[in-house]
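Biologist: I would like a close look at one part of this chain, starting from a single position and working outwards. Please keep to what can be read from the coordinates.

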Amino acid sequence: MTGETDLSPARLRHARFAIAAVFCAHGAVTGSFATRIPWIQEHAQLGAGTLGLALAFPALGAALAMPLAGRINHRFGARAALRALLALWTLSLVLPSLAPNLPTLCFALFVYGATSGMSDVAMNALGVETENRLRRSIMSSLHGMWSVGALLGSAAGTVAAHAGADARLHHLIAACALTAAGLLAVRGVLDLKAAADAEAPAHFALPPKSAVLIGAIGFCAVFAEGASLDWSAVYLRDVLDTDAGLAAASTTAFALTMAVARLAGDRVVDRFGAVRTVRAGGVLATAGGLLVVTARHPAAAMAGFGLIGLGIAVVVPLAFAAAARSGPAPAQAIAGVATITYTSGLIAPSAIGAVADATSLVVSFGLVTLLAFALVAGASVLRQKPSGPGAGQAGRDEPATIRP
């Protein structure tokens, strides 16, 4: 991509902080929504089954809309595309709480997911371009900032729910504040545009072949993440007979572990490279899964979930970075990987439940352990490929950066 001519160290540092703020704002929307799901369920008069059906629509909307992000990015440039898509995402926060019944909630959540997915692709593509120009890894910390935003949004939502605030008012205020913050942050990101002779991506295209294997690695990590977030508290309560407070604390601890590991992950990636980092993470996650399924005490299980979070934390950021460098259309490749990972996040909770119904939760997390081990076996797909003269080190397990 071409665009800005001012790529001084000071400008690049400013661009990094700006894109980090974008990730934080994006995560805050998710946190704000998640905490008010019980209010939305009651307002729309839904049972558990119909709520579960409705909550499948964000992933469906994201999966269908994400392939369009590459075309938008190419047509309008990275900054303009991100500005529009991020604003649509933050403003879509108001829709679910306005829905009075199941059909309208499904539609609202479809739009919510579609805008989330497209803005996700746009900000990750721009994050990779910023990383390339900085010549050091930043993707892990960017996703860490997303986790920080999610925690901040959920904290504000918890306060609003505890105060008995109407979710419609809460989400309207949050949407306006996050839209303003997001638009302010976007002003500082790199203003990059496709080269004049670059071919426009298709309006809708299947993920490129190069993105499928990379997406499979992301699939394993997101499956383990979704299973741990949604089922860790249930595991401690049902398998180890833990009280509700301590069981809930395991989920919070897992989320915090993920956030801290992502914020610190770039230094590890720069030191050891993407492949070694993911392999080591896979070993940690596998050990964590084994600890969970063999635990006889809540502390051991909580430590196991912590190791899973620590091990998988940087996998998705590195998968997005590898996808962007796997071919001539970074946004399309990122959209392909994102589609696969969103699908994993969609099926993980229900798959764990189905296996648990047929066997037990212990067997379910045995499956999670196997997928964690797949990270060890498949990490090599994240290795950077040589791309011509002067790329002699690119084929080895080097830090995931490209010299512009």
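Is alanine 221 buried or exposed, and what is its relative accessible area? Which residues does alanine 221 touch, leaving out those up to four places away in sequence? Please place the answer in the rest of the fold.

Modeller: This is a predicted model, and what follows should be read with that in mind. Alanine 221 is buried, because its relative accessible area of 1% falls under the 20% cut-off. The residue sits in helix H10, which covers residues 209–239. With sequence neighbours up to four places away set aside, alanine 221 touches Ile312, Val315, Val316 and Leu375. The pairing with isoleucine 312 can be given as a distance: the two C-alpha atoms are 5.5 Å apart, while the residues stand 91 positions apart in sequence.

Isoleucine 312 leads on to the interior. The largest nonpolar core has 110 residues, and Ile312 is one of the members that touch the most others, along with Ile19, Val22, Leu82 and Phe365. As background, nonpolar side chains in soluble globular proteins tend to be buried together. Ile19 can be followed further. Apart from residues up to four places away in sequence, isoleucine 19 touches Leu82, Met123, Leu126, Gly127, Leu142 and Val189. One of these partners, Leu82, is itself named among the core members with the most contacts to other members.

The wider chain gives the context. Its 404 residues include 51% that count as buried, and its secondary structure comes to 16 helices and two strands. Of the contacts with a separation of 6 or more, 84% join residues 24 or more positions apart. The contact between alanine 221 and Ile312, at 91 residues apart, is one example of such a pairing.

A second buried site involves helices H8 and H11. Serine 140 is placed in H8 and is buried, with a relative accessible area of 2%. Its contacts beyond four places in sequence are Ala261, Arg262, Leu263, Gly265, Asp266, Val314 and Pro317. From the other side, glycine 265 lies in helix H11 and is buried too, at 4% relative accessible area. Once neighbours within four places are left aside, glycine 265 is in contact with Ser140 and Val314. Val314 is therefore a partner of both serine 140 and glycine 265. Proline 317, touched by serine 140, has its C-alpha atom 9.8 Å from that of glycine 265, with their positions 52 residues apart along the chain.

Past the end of H11 comes glycine 273, in the loop between helix H11 (244–272) and helix H12 (274–294). Although in a loop, glycine 273 is buried, with a relative accessible area of 0%. Its C-alpha atom is separated by 9.5 Å from that of serine 137, a residue 136 positions away along the chain.

Two other loop residues differ in backbone geometry and exposure. Most residues other than glycine have a negative phi. Arginine 135, not a glycine, has a positive phi of about 65°. This arginine lies in the loop between helix H7 (102–134) and H8, and it counts as partly exposed at 48% relative accessibility. Aspartate 241 has a positive phi of about 55°, and it is not a glycine either. That aspartate is in the loop between H10 and H11, and at 70% relative accessibility it counts as exposed.

A charged residue can also be buried here. Arginine 11, in helix H1 (residues 9–34), has a relative accessible area of 13% and so counts as buried. A polar atom of its side chain lies 2.8 Å from the backbone oxygen of glycine 188.

Last comes the largest pocket, whose volume is about 2,000 Å³. Its lining has 46 residues, and those nearest its centre are Thr30, Trp146, Glu225, Leu229 and Asp230. By class, that lining divides into 25 nonpolar, 17 polar and four charged residues. Helix H8 (residues 139–162) supplies the largest share of the lining, seven residues. This is the helix that also holds the buried serine 140.

Technical notes. Residues are numbered from 1 along each chain as its sequence is written. This is a predicted model: local features need pLDDT of at least 70, side-chain atom pairs count only at pLDDT 80 or more; totals for chains, interfaces and linings use all residues. Side-chain values use heavy atoms; hydrogens and water are left out. A nonpolar core is a set of buried Ala, Val, Leu, Ile, Met, Phe, Trp, Tyr and Cys residues joined through side-chain atoms within 4.5 Å. Buried means under 20% relative accessible area, exposed over 50%, partly exposed in between (1.4 Å probe, protein chains only). Contact means heavy atoms within 4.5 Å. On a 1 Å grid over the protein atoms alone, a cavity is a set of points where a 1.4 Å probe fits but cannot get out, and a pocket is an open set with protein on both sides within 12 Å along at least five of seven lines; lining residues have an atom within 4 Å of a point. Grid points are joined across faces, edges and corners, and a volume is the space filled by probe spheres set on the points. Helices (H or I, at least four residues) and strands (E, at least two) are DSSP runs, numbered from the N terminus. Ala, Val, Leu, Ile, Met, Phe, Trp, Tyr, Cys and Pro count as nonpolar, Asp, Glu, Lys and Arg as charged, and the others, Gly among them, as polar. A polar contact is a pair of N or O atoms within 3.5 Å; within protein, one must be able to donate a hydrogen and the other to accept it, and residues adjacent in sequence count only if both atoms are side-chain atoms.
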